[in-house]
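Okay, thanks everyone for squeezing in. I'll put the structure up and then talk you through a few parts of it.

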Amino acid sequence: MANIKLESLTKRFDDVPALDSINIEVQDKEFFVLLGPTGAGKTTMLRCVSGLEKPEEGTIRIDGEDVGEVSIAARDVAFVFQYYTLYPHMTVRENLEFPLRSRLRRYEQAKIDRRVEEVAEILHITRLLDRKSVHLSGGEMQRVGIGRAIVRQPKVFLMDEPLSNLDAKLREEMRAELARLHYQLGSTFFYVTHDQTEAMTMGDRIAVMHEGTIKQIGTPQDIYYKPADTFVAKFVGSPPINLIEGTLKDGNLSLSGGQMICCPTEEQLKALESAGKDKVIFGIRPEDILITQEEGDSNSFPMNVYFNQSMGAEDILNLKSDDLILQATVAPNLDIQVGQTVYANFQMDYAHLFDVDTTKRIG
Amino acid sequence: MPQIEERKGIGRTVAIVLLVVFTVIYLFPLFYVVNTSFRPWAQIKEYPPKLMFEPSIGSYIRIFTARTGFPPNDQPTQAEVEEMEWYERIVYKGTNEQIVRMGDLPKRYMNSLVIVLLSTGITIILGTLAAYGFSRFKVKGKDDWLFFILSTRMIPPVVVVIPVFLLYRNIGLNDTHIGLILLYTAFNVSFAVWVMKGFLDEIPIEYEEAAMVDGYSRFEAFRKIVLPQAVTGIAATAVFCFIFAWNEYAFAFLLTRNTAQTVPAWLPYQMGVLGYDWGAAAAGSVLFLIPAMVFTILLRKHLVRGISFGAVRK
């Protein structure tokens, strides 16, 4: 069990930076999730930690030790790949035994057998042990893949989108399974995904990445309720956050060219003042827009319902006012018809303000 | 529905008939050679040829032996004929010859086997390793190298027979095993690199990466993970290299006389007392065909998958 520390890690592919001076510290026993869109450099970072890629600059410390010159094999990390990389010419048992038979370990057969049985038990794959790995289903393969990672009790687990090739139902099951596994094993997980649900549900902490840089590191709550910039705000949350350009005028926020005038909270006003900005991006999540049939006390604006996506547990209303389109989630029993005019009440306590130039959070 | 069934039935019949016809056409020369090799001496040159006859292994005895004809004034007596070994008698009755010694076939055959197996082995090792390098590593000027390797195949080998002959004479490789091994390896290795690269490219690199993370060196990963999956490709490549080297005639004919002469270079020299010995040549050909057939059949399981490998995704 160990922590991982990345210091000003930089990696380029043909002069295109894939990782740009990354600093991250993954705590011991933490479930740390790296979240970002395709091409953000998440996988590259994981591969650098494992040793499969060599960074141009920066240091990687596993358990305090600089592993820059340590071979892949000797780093004692486990890697679960996006594609099930079970060795096709081996049975499930041979696959699980393979890491234990490395020259680095030299375990006795009895110990190997015991470990394999234990792991098979944990992952519920005992009945598959003597099957050829090519005859397994996707979910079973990924279970074995994870099994091959945990069988040798490595210092850290590196997981590169292990669930992305599974179908939705199975992915949900495996999510719970992985969380359980992390709890059960009590080891460090460094997990890469582009799926915000995976990140939010499993991660102790999340690092949001974009184009080779870290945008924000924090708990799922931090990321969701206090996004560091508009990218993080947009990337996390479904349906996505509503972002509207606004101008500060006499202590009021004029949105979308004066269509809506709302009053920020005292805190937000203070933050705006200290930032010295009067042009901002106003962000509000769909669930922070309260929909009513009658006009509310303040920050309440009439809007036209032009589309309703029913999700079962909730409805996503697409609201329109001139050329401004907002999404709001409401309980499905409100009986709101398309074409109807409703009032969108912005819960200003939960609103976000971002710098229009730097896109960084103001308040 | 019955109509469709019927049409399917007709299609099947046509396919079977066509397959039978092609099989017969392709197998006929083979049949004729085998047939000729078992014909008694007197019937070999008979026209029209008889397909049915009492088989004789005379041709096989002749291909294995060196013989001289009995002079007309020194024919063996009845008693002497009866004292002959059975094989001597068969030869005497067929061509009126006496066996002087064991022929050169076993030696030539060994030459062929040694040269071809060694060159195939070396080709596979070099080709697989080179292909692995090209497939997995960043090699400077990779495409140029690969093209260069392929380009060695572009001139027909016969064109360079004379230069190679002169070169070999100067460095003393004429009529040596090592000379032919080097030559066949050089010719086959380009082919092996290209074919093996195709196979290795198909094996996802993640397998080796997984193995390395699991605690193995790159070479161990290559040996334990890549090689078992490349068996099909190796088998297919080996069969092609083996057959090329086994059948090669031009270089063997020019570069070898004796010590390292292979079967294809030696086989045409089958003269008997009564002219060219077609029976012995046919018998030699049959024996010559066997290793290639055995080799191919042994690797057949891999071969079928190997040849269609690129076409069908796993």
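I'll go through a sheet in chain A, then chain B, then the place where the two chains touch. Keep in mind that this is a predicted model.

So, chain A. Have a look at the open sheet, which has 5 strands in the order E13-E12-E11-E14-E20, with antiparallel pairing. Which strands stand at the edges? Those are E13, residues 260-262, and E20, residues 352-355, and each has a single partner strand, so one side of each is left without a neighbour in the sheet. From one strand to the next, the twist averages 35 degrees.

Let's zoom in on one pair of chain A. Strand E11, residues 242-249, pairs with strand E14, residues 279-284, over 6 bridges in the antiparallel sense. If you want a spot to click on, A:Asn242 has A:Ile284 in E14(A) as its bridge partner. Now add a helix: H9 of chain A, residues 266-275, lies across E11, E14 and E20, and runs at about 5 degrees to E20(A).

Over to chain B. Here we have domain 1, at 58-102, and domain 2, at 105-307. Their C-alpha centres lie 40 Å apart. Where they touch, domain 1 of chain B gives 10 residues and domain 2 of chain B gives 10 residues. On the domain 1 side, helix H2 of chain B, residues 58-64, has the largest share, with 6 residues. By class, that side divides into 3 nonpolar, 5 polar and 2 charged residues.

Next, a helix pair in chain B. H5(B), residues 105-136, packs on H10(B) at an angle of about 135 degrees, and the axes are 9 Å apart. That angle makes H5(B) oblique to H10(B). The crossing is right-handed. Who meets whom? From H5(B) we have, among others, B:Val116, B:Ile124 and B:Tyr132, and from H10(B) the list includes B:Phe222, B:Ile234 and B:Trp246. The contact of these two helices has 11 nonpolar, 7 polar and no charged residues.

Last stop, chain B against chain A. The contact takes 14 residues from chain B and 18 residues from chain A. On the chain B side, the elements that give two or more residues are helix H9, 205-213, and helix H10, 218-247. H9(B) has the largest share there, at 6 residues. That side of chain B divides into 8 nonpolar, 3 polar and 3 charged residues.

That's my tour, thanks.

Methods: Residues numbered from 1 in each chain as written. Chains lettered and ligands numbered in written order. Predicted model: local features only at pLDDT ≥ 70, side-chain atom pairs only at ≥ 80, totals over all residues. Contact = placed C-beta atoms within 7 Å. Helix = DSSP H or I, 4+ residues; strand = E, 2+ residues; numbered from the N terminus. Nonpolar A, V, L, I, M, F, W, Y, C, P; charged D, E, K, R; others polar. Pairing = 2+ DSSP bridges. Axes fitted to C-alpha atoms, helices over the stretch in contact; angles between N-to-C directions. Domains from an automatic or database assignment. Parallel < 35°, antiparallel > 145°, perpendicular 65-115°, else oblique. Left-handed = near helix turned anticlockwise from the far one by under 90°.
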